[in-house]
Every structure is written in structure tokens, then in C-alpha cells.
Amino acid sequence: MKKLAFFETKPYDRAYFDKLNKNYEITYFEEKLNHHTAKITEGFDAVCAFVNSNVNEMAINRMYERGVKILALRSAGFSNVDLNAALGKIPVVRVPAYSPHAVAEHALALLMALNRKIYRAYIRTRDFNFNIAGLTGVDLYGKTVGVIGTGKIGRIFINICNGLGMKVLAYDPYPDNSIDAEYTDLDYLLSNSDVISLHCPLTSDTYHIIGTDAFAKIKKGAIIINTSRGALIDSEALLYALNHGNIRGAALDVYEEEADFFYEDMSDKIITDDTLALLVSRPNVLITSHQGFLTEEALENIADVTLKNLDEFFEGKPLTNEVKAAKK
Ligand code: NAD
């Protein structure tokens with residue numbers, strides 16, 4: 001049996017991999033994969049990692065030197081892997097779409113909860129405080145939503161927003177005319193949207209796409225939703241916009257420095273990231289811990305596709321879901 005080192009394990013990952021696995025001897029590690037933990041991959045044929053692993057050049061080289069033959073990501077995004085370093089050494093496969101509905105529906109949940117302050121109402125009523133002052137939201141019906149990135153998740157989110165009776169603006173360098181939205185340039189979208197939702201990947205082009213310049217253009221009172229990647233938003237610029245009342249609020253499933261915090265119970269620790277601590281403290285910020293993917297359907301698909309990706313490799317078949325650097 002081929003040996004698989006499985007990093008960033010949580011009980012919910014394990015349940016689905018144990019259910020579907022037939023071909024691999026899996027060793028589960030709670031640690032993230034990085035250049036330190038890559039040292040323990042000696043003797044493993046394959047390595048599996050998730051979104052908060054940092055698979056830099058040193059991590060790739062250490063795995064390669066130890067005989068690891070393939071890296072299987074359990075995520076769609078791969079911005080945490082140095083693909084240039086992997087080229088010619090370790091093929092990298094991913095799960096391109098495990099449930100775009102899971103993430104689009106989580107974006108909707110965040111939007112609804114933030115707008116109607118459900119998270120604050122829940123805390124109040126748990127304490128038998130039935131006062132509703134300060135919980136006023138807006139009708140989403142008739143408002144304009146701007147969707148940045150109209151791929152698999154973005155287009156489902158657009159359909160949901162159309163269902164709510166919202167007007168949909170969209171920005172994507174590769175527009176798809178079959179989508180029921182009005183494509184505009186980014187500046188127009190920013191200055192005309194009441195809600196802005198990010199559904200593009202993190203690349204050098206999209207890093208801090210919502211930064212100081214963008215916040216200067218964003219319509220006053222807009223709501224920002226980010227379920228894609230944290231570094232799409234400049235967190236300091238977001239804090240500034242919140243502090244100055246420029247936006248109505250923000251709901252974030254991702255944060256640019258999330259790797260040290262998300263998925264861990266930090267409740268009895270000092271949060272050393274002041275920006276995160278300040279964001280959490282704001283009444284008009286709602287943060288979830290990168291859980292957009294967390295549905296039963298998505299977890300089962302992640303396990304199924306990851307194991308199939310590994311089977312393809314070890315059976316010498318072409319890799320359906322390989323991600324490669326364009327060139328070295
Ligand atoms: P996708 O590849 O299907 O779509 C991405 C879209 O973004 C494409 O249409 C692409 O043309 C567009 N795009 C690229 N560069 C852009 C730019 N500069 N400006 C605007 N649009 C741009 O990806 P997807 O499956 O829809 O996933 C979107 C993102 O969601 C992923 O990259 C990932 O970061 C994130 N994601 C988050 C979770 C979660 O749990 N929160 C889970 C899965 C995916």
C-alpha cells in the first residue's frame with residue numbers, strides 16, 4: 001500500500017477519508033505542512049495538505065529529497081504552494097470544485113447575518129435580552145450587489161442574488177455572457193454596489209484588490225463579503241474604512257494572516273495580531289474561520305476527488321486536476 005502523510009487533519013476530514021479510502025495507508029498529522037514539518041515526510045509516497053499549509057520552496061525540496069512523489073491539495077485554491085519550486089520535482093493536484101454551492105451559500109449566510117445582525121440578536125436573546133434597538137438592517141431587495149470573479153462560486157452567488165431581487169453588477173477579466181449580470185469595470189462596480197462580494201482567486205493581480213484605492217471608490221455604506229482569500233483585502237485599509245464609518249460592515253470567512261489562528265481554539269490565548277483583534281471587536285464585522293467549504297457534500301467530494309487524484313498518479317494515468325507553474 002502506498003503511504004500518505006495527511007497534514008492539517010481535523011476530525012471532519014478524517015471521517016470522510018476513512019470512509020472512502022481503500023488504497024492508502026494514511027498517517028494523520030494535525031500540523032500544517034511547511035518547511036519544518038516537511039522533514040517528517042521521509043518514507044511517504046504522497047503528501048496531502050490544506051489551505052493553511054505553507055508549501056514554500058524549502059518545503060518542496062525537503063519532500064522531494066525524502067522521496068515524496070506527489071502533493072495532493074484538498075483545496076481548490078493553491079496560492080499557498082510554490083508551483084515554480086514544484087515544477088519538475090513534485091506534481092501538485094487539487095480539488096477544483098468540491099461544492100461551489102457550499103461557498104456561495106456561506107457568502108449568502110454571511111450577508112444575511114451581517115445585514116440583519118443575527119449574530120448580535122442571538123447573543124442578546126440567549127441572555128433573555130429581547131431589546132431590538134441597534135439591530136436595524138436594510139432590504140436587500142432592489143439593492144445592487146457587485147460580484148468580483150464570476151467563476152463557479154461567483155455565478156452561483158449571482159443566481160442567489162437574482163433570486164433575492166437584487167441588481168447584479170459583475171467584474172471578471174473573462175466575462176461570461178450567459179451569466180445574468182451586468183459586466184462593468186471594477187471602478188464602476190465599486191462605486192455603485194451596496195454589497196460587494198469577492199469570488200476571484202488570489203493572484204499577483206488580485207492581491208489587495210480591495211485596498212486603500214478601492215475603499216476610496218466604494219459606495220458609502222456598502223457591505224463587503226469575502227469568502228475567497230484573505231489577502232484580496234488589505235485588512236488595515238478595511239479597519240480604516242470601518243473606523244471612519246465609510247462602509248456598513250464586513251463579513252469575512254478568510255483573513256490575510258489567518259494561518260496562525262483559523263481552525264484552532266485560541267480562546268485562552270493572547271491574540272497577537274492586533275488587526276484581527278480589532279476586526280473581531282467591531283460590532284459590524286462578522287468573522288467565520290474559513291468554513292465556507294464545510295458541508296457534508298463538500299467534505300465527501302474533497303475526499304473522493306483527492307483519492308482519485310492519487311489513484312490516477314500511482315496508476316500512471318494523466319492527471320486531471322494537476323496545477324502547474326506556467327514556466328520556471
Ligand atoms: P473559479 O476559478 O471557478 O473562478 C474564479 C473567477 O475569478 C474566474 O472566472 C476568473 O476569471 C476570475 N478572476 C481571475 N482574476 C480576476 C481578477 N483580477 N478580477 C476579477 N475576477 C478574476 O474559482 P471558484 O471555484 O469560483 O473559487 C473562487 C475562489 O473561492 C477560489 O479561488 C478560492 O480562493 C475561494 N474558495 C474559498 C473557499 C472557502 O472555504 N471559503 C472554498 C473554495 C474556494
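Cys-161 is buried in this predicted model, its relative accessible area being 0%. The sulfur of Cys-161 has its closest cysteine sulfur in Cys-200, at 16 Å. Because that separation is too far for a bond, Cys-161 and Cys-200 are not joined through their sulfur atoms. The other main topic is the ligand, which sits in the largest pocket.

**Cysteines**

- A disulfide is a covalent bond between the sulfur atoms of two cysteines.
- Zero disulfides are found when the whole structure is searched.
- The cut-off for a disulfide is a pair of cysteine sulfur atoms within 2.5 Å, whereas the sulfur of Cys-161 lies 16 Å from that of Cys-200.
- Cys-48 is likewise buried, with a relative accessible area of 0%.

**Ligand surroundings**

- The ligand is surrounded by 23 residues.
- The closest of these residues are Lys-152, Ile-153, Asp-172, Thr-227 and Asp-253.
- By residue class, the shell around the ligand comprises ten nonpolar, nine polar and four charged residues.

**Polar contacts and coverage of the ligand**

- Thr-227 contributes through its backbone: one of its N or O atoms lies 2.9 Å from a nitrogen atom of the ligand.
- Arg-229 places a polar side-chain atom 3.3 Å from an oxygen atom of the ligand.
- Asp-253 has a polar side-chain atom 2.9 Å from a nitrogen atom of the ligand.
- On its own, the ligand has 860 Å² of accessible area, and the protein covers 85% of this.

Note on methods
Residues are numbered from 1 along each chain as its sequence is written. This is a predicted model: local features need pLDDT of at least 70, side-chain atom pairs count only at pLDDT 80 or more; totals for chains, interfaces and linings use all residues. Side-chain values use heavy atoms; hydrogens and water are left out. A residue is near a molecule or strand if one of its heavy atoms lies within 4 Å of it. A polar contact is a pair of N or O atoms within 3.5 Å; within protein, one must be able to donate a hydrogen and the other to accept it, and residues adjacent in sequence count only if both atoms are side-chain atoms. Accessible areas come from the Shrake-Rupley method with a 1.4 Å probe; for residues, only the protein chains shown count as cover. On a 1 Å grid over the protein atoms alone, a cavity is a set of points where a 1.4 Å probe fits but cannot get out, and a pocket is an open set with protein on both sides within 12 Å along at least five of seven lines; lining residues have an atom within 4 Å of a point. A molecule sits in a cavity or pocket if more than half of its atoms lie within 2 Å of its grid points. Ala, Val, Leu, Ile, Met, Phe, Trp, Tyr, Cys and Pro count as nonpolar, Asp, Glu, Lys and Arg as charged, and the others, Gly among them, as polar. Buried means under 20% relative accessible area, exposed over 50%, partly exposed in between (1.4 Å probe, protein chains only).
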